[in-house]
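Let's take a friendly walk through this fold, one sheet and one helix pair at a time. Have the structure open as you read.

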Amino acid sequence: MKIPNEILRVEGLRKSFGSNEVLKGVDLRIEKGETVVLLGASGSGKSTLLRCLNFLEIPTGGRITFSGTILGASDSKGAVHYSEREMVATRKRIGMVFQQFNLFPHMTAMQNVVEAQVTVLGRTRADAEKRARTLLDKVGLAAKGDSYPARLSGGQQQRVAIARALAMDPELMLFDEATSALDPELVGEVLQTMRALAEEGMTMVVVTHELGFAYHVASRVIFLDQGRILEQGSPHAVLLQPKAARLRDFMAGHVQFRLPEIHENQQPQGVAA
């Protein structure tokens with residue numbers, strides 16, 4: 001049954017690498033406009049889950065439903081197989097931002113945001129450049145369109161990567177530790193951009209260790225442990241009133257968490273409300 005506001009449903013998702021089962025039956029539902037933050041220790045399966053959602057990794061088992069359409073087809077033994085066409089089409093609708101920026105070093109910021117619009121979406125270069133200018137302004141980099149990645153800070157490069165993903169007009173955005181490769185003083189500017197997207201209603205699934213961001217921005221926080229969802233709920237419930245002993249131990253490793261770069265009434269520079 002199709003649920004009106006549901007954009008993504010994951011049922012019994014499993015992923016193994018040889019004999020190592022990383023995801024052990026994950027059930028997850030995401031509604032349009034939600035910002036869902038995935039927390040967990042290293043090796044808990046957070047990044048693998050994200051990569052399965054847009055088929056950078058092929059699930060070993062389970063079912064994914066995106067925008068009401070069940071993806072893949074089951075064979076006579078119940079195994080689900082995905083066609084290359086289906087996976088490519090899904091990736092066009094799901095944007096992803098990685099730890100590393102992966103910008104083309106020989107292209108300017110503008111060209112990095114334009115390229116996939118032309119080659120993948122088939123937009124004219126004029127339309128793609130217009131969209132790119134709008135998005136670079138949105139992430140506070142209107143003046144950096146002609147700059148090459150080597151001339152940009154890590155935070156600026158990551159914001160270009162976000163603009164590049166947004167240029168594909170995704171229905172869902174995935175962020176995999178988008179700030180972990182940044183110097184501490186540059187983390188805030190990227191988190192501000194992500195917060196602005198959340199406030200605008202972009203549907204987002206975010207893997208992060210930034211607990212302040214999770215507390216202030218997430219509509220729901222999910223804690224993964226050893227390939228399973230151990231606990232989920234509101235940021236207040238999960239972060240301040242954890243029920244599972246494993247989650248309490250995880251939180252004990254974060255004596256305090258806050259996000260000084262983002263305040264309740266602060267508007268990120270260069271991002272419209």
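A good place to start is the pairing of β4 with β5, two antiparallel strands joined by 2 bridges. Within this pair, T65 has I70 of β5 as its bridge partner. The two strands make a hairpin with 2 residues between them, and S67 in the turn has a positive phi of about 50 degrees. Please keep in mind that this is a predicted model.

**The four-stranded sheet**

The hairpin belongs to an open sheet of 4 strands, ordered β2-β1-β4-β5, with antiparallel pairing. Why do β2 and β5 each have one side without a neighbour in the sheet? β2 (20-31) and β5 (69-70) stand at the edges and each has a single partner strand, so one side of each is left free of a neighbour there. In general, the strands of a sheet pair through backbone hydrogen bonds, in either a parallel or an antiparallel way.

Strand β1 (residues 6-17) is linked to β2 by 9 bridges, and R9 finds its bridge partner in R29 of β2. β1 also pairs with β4 in the antiparallel sense, over 5 bridges; here L8 is partnered by F66 of β4.

**The six-stranded sheet**

A further open sheet holds 6 strands in the order β8-β9-β10-β3-β11-β12, and its pairing is mixed. Its edge strands are β8 (94-97) and β12 (228-233), each of which pairs on one side only. On average, neighbouring strands of this sheet are turned by 20 degrees against each other, direction ignored. Within the sheet, strand β9 (residues 172-176) runs parallel to strand β10 (residues 204-207), with 4 bridges between them. L174 stands opposite V205 of β10.

The strand pairs described so far can be set side by side:

| Strand pair | Sense | Bridges |
|---|---|---|
| β1 and β2 | antiparallel | 9 bridges |
| β1 and β4 | antiparallel | 5 bridges |
| β4 and β5 | antiparallel | 2 bridges |
| β9 and β10 | parallel | 4 bridges |

**Helices lying across the sheets**

Which strands does helix α1 lie across? Helix α1 (residues 46-53) lies across β1, β2 and β4 (61-66), at about 120 degrees to β1. α1 also lies across β3 (35-39), β8, β9, β10 and β11 (220-225), running at about 150 degrees to β9. Helix α5, in turn, lies across β8 and β9, at about 170 degrees to β8.

**Helix α3 and its partners**

Helix α3 (residues 109-119) packs with helix α4 (residues 125-138) at an angle of about 130 degrees, their axes 9 Å apart. The two are therefore oblique to each other, and their crossing is right-handed. Among the residues making this contact are M110, V113 and V118 of α3, along with A128, A132 and L136 of α4. By residue type, the contact comprises 8 nonpolar, 1 polar and 6 charged.

α3 also meets helix α5 (residues 154-166): their axes come within 8 Å and cross at roughly 25 degrees. That angle makes α3 roughly parallel to α5, and the crossing is right-handed. A109, N112 and V113 in α3 meet V160, A163 and R164 in α5. Those residues divide into 4 nonpolar, 1 polar and 1 charged.

**The whole chain**

Stepping back, the protein chain has 9 helices and 12 strands. Its C-alpha trace spans about 50 × 50 × 35 Å along the principal axes. For 273 residues, a compact globule would have a radius of gyration near 19 Å, and the chain's 19 Å agrees.

Technical notes
Residues are numbered from 1 along each chain as its sequence is written. This is a predicted model: local features need pLDDT of at least 70, side-chain atom pairs count only at pLDDT 80 or more; totals for chains, interfaces and linings use all residues. Side-chain values use heavy atoms; hydrogens and water are left out. Two strands pair if DSSP finds at least two bridges between them. Contact means heavy atoms within 4.5 Å. Axes are lines fitted to C-alpha atoms, for helices over the stretch in contact, and angles run from 0 to 180 degrees between N-to-C directions. Angles under 35 degrees count as roughly parallel, over 145 as roughly antiparallel, 65 to 115 as roughly perpendicular and the rest as oblique. A crossing is left-handed if the near helix is turned anticlockwise from the far one by less than a right angle, and right-handed if clockwise. Ala, Val, Leu, Ile, Met, Phe, Trp, Tyr, Cys and Pro count as nonpolar, Asp, Glu, Lys and Arg as charged, and the others, Gly among them, as polar. The radius of gyration is taken over C-alpha atoms; the globule rule is 2.2 Å times the number of residues to the power 0.38.
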